[in-house]
Amino acid sequence: MDDTVWSGQGWFDEIDLDPAGHWRRLGTRQLGDRPWLVVDGRRQAELSLKEQLSADRHGEVFAIESGAEDGVLTAGRETLDLVDGVLVRLDLDGPTTGDGDLHPLDRAGRSVQEDLCLVRPGDGTWVLAAASLCFPSRWRLDEKVGRSITATHGPVDGYDRHLASRVDRLFDHLGERIVLRRNWFVHPDPSLFQPDRPPNGDPLVEADRCLDDLHLRSERQTLRRLPVSGWILFTIRIQQDPLRPFVVDDERAAALRRYLDEAPVEQLAHRGLSPDQAERLRTAIADRAP
């Protein structure tokens, strides 16, 4: 199995545009021959941004659960060993500042484009024990660390009813396999560091600007059990682009239009699309230049 791949916009084909699919399903699948980590031409810029965020806002992008420091150190070393193995094979450099003083999880997180979360077993559940999280999609690490996975997903409509028990079972029985899942949203804000929801909701983008000002933002997530600690390493890779290159392909454009026509309102809202914004996006797709 390849550990990483150089990739451009190939991830577009992994976006699930089935309007009949249940958006609250886990959607996990075996990693198989797919890469664990993804490297692309944005690596240097994204690692530089991680370094800047770590220097200016370290408490917001790196956190450890109080009382879990010893376990996080062990699991962090396991994580760093995995990441370093990939870097060595690909002849890639890690962070250039503060290597000797960094916590191993912090150093690992600054070495890859993915964000890295460590999840420990708790009292009948799983708990977010630590993370290097520079590119959050509208959630704050300091509000989630030390809480159960169910509690960390509190803002996700229906998570407790539909997904909590399935997530716990997945973590309980992960074994040695690596699993992959992907979700996606449409946001007008292209910032990678995006910890907060707009207080009054996203601004409405008019149809003639939708394809350039609205961004398809996707989280490519993997889960694997660390062999020594038994903890779960959860990676989150943000991949995003304006919608225009996504709908250049006629089949994708038609699939997105069908999704906007047929997906329930609550599903569209989960993706970040109000009814008014969805209507303007439909118009933009129909009017796009060939």
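Here are some notes on the charged and aromatic side chains in this predicted model.

1. Let's start with the salt bridges. The count for this model comes to 21. A few of them are worth finding in the viewer, and the next points go through them one by one.

2. Take Arg110 and Glu51 to begin with. These two form a salt bridge, with 3.3 Å between the closest N and O atoms. Arg110 belongs to helix α4 (residues 104–111) and Glu51 to helix α1 (residues 43–56), so this pair ties together parts that are 59 residues apart in sequence. Are the two partners buried or exposed? Both Arg110 and Glu51 are buried.

3. Next, look at Asp250 and Arg288. Their side chains meet in a salt bridge at 2.7 Å, N to O. Asp250 is in helix α10 (residues 250–262), while Arg288 is in the segment after α12 (275–287), so the parts tied together here are 38 residues apart in sequence. How do these two partners sit relative to the surface? Asp250 has 56% relative accessibility, so Asp250 counts as exposed. Arg288 has 25%, so Arg288 counts as partly exposed. If you wonder why 56% earns the word "exposed", the cut-off for that label is over 50%.

4. Now for a pair within one helix. Arg282 and Glu279 form a salt bridge whose closest N and O atoms are 2.8 Å apart. Both residues lie in helix α12, and they are 3 residues apart, which is about one turn of the helix. Arg282 counts as buried because its relative accessibility is 15%, and buried means under 20%. Glu279, with a relative accessible area of 41%, is partly exposed.

5. Salt bridges can also share partners. In this model, Arg57, Glu60, Arg140 and Asp196 are joined into one network that way. Try selecting these four residues together and tracing who pairs with whom.

6. Here is a residue to puzzle over: Glu219, in strand β8 (residues 215–225). Glu219 is buried, yet has no salt bridge. Why does Arg217, the nearest side chain of opposite charge, not count as a partner? Arg217 is 5.7 Å away, and a salt bridge needs the nitrogen within 4 Å of the carboxyl oxygen, so the pair misses the cut-off. What Glu219 does have is a side-chain polar contact with the side chain of Gln221, at 2.9 Å. Setting aside neighbours within four places in sequence, the contacts of Glu219 include Ser137, Phe185, Ile236 and Ile238, and also Arg181, Arg182 and Arg237. Asn183 is on that contact list too.

7. On to the rings. The model has 4 aromatic pairs. One of them is Trp126 with Phe171, an edge-to-face pair with 5.6 Å centre to centre and 75 degrees between the planes. This pair links distant parts of the chain: Trp126 is in strand β6 (residues 126–132) and Phe171 in helix α7 (residues 164–172), 45 residues apart. Both Trp126 and Phe171 are buried.

8. Some rings also come as a group. Trp11, Phe12 and Phe246 form one aromatic cluster. Phe246 has a charged visitor as well: Arg252 lies over the face of Phe246, 5.2 Å from the ring centre.

9. One last thing to look up is Trp36. The charged end of Arg224 sits over the ring of Trp36, at 4.5 Å from its centre.

How values were computed. Residues numbered from 1 in each chain as written. Predicted model: local features only at pLDDT ≥ 70, side-chain atom pairs only at ≥ 80, totals over all residues. Heavy atoms only, no water. Helix = DSSP H or I, 4+ residues; strand = E, 2+ residues; numbered from the N terminus. Buried < 20%, exposed > 50% of the residue type's maximum accessible area, 1.4 Å probe, protein only. Lys, Arg positive; Asp, Glu negative; His and termini not counted. Polar contact = N/O pair within 3.5 Å; in protein donor to acceptor, adjacent residues only side chain to side chain. Contact = heavy atoms within 4.5 Å. Phe/Tyr/Trp six-rings, centres within 6.5 Å; stacked < 30°, edge-to-face > 60°. Lys NZ or Arg CZ within 6 Å of the ring centre and 35° of its normal.
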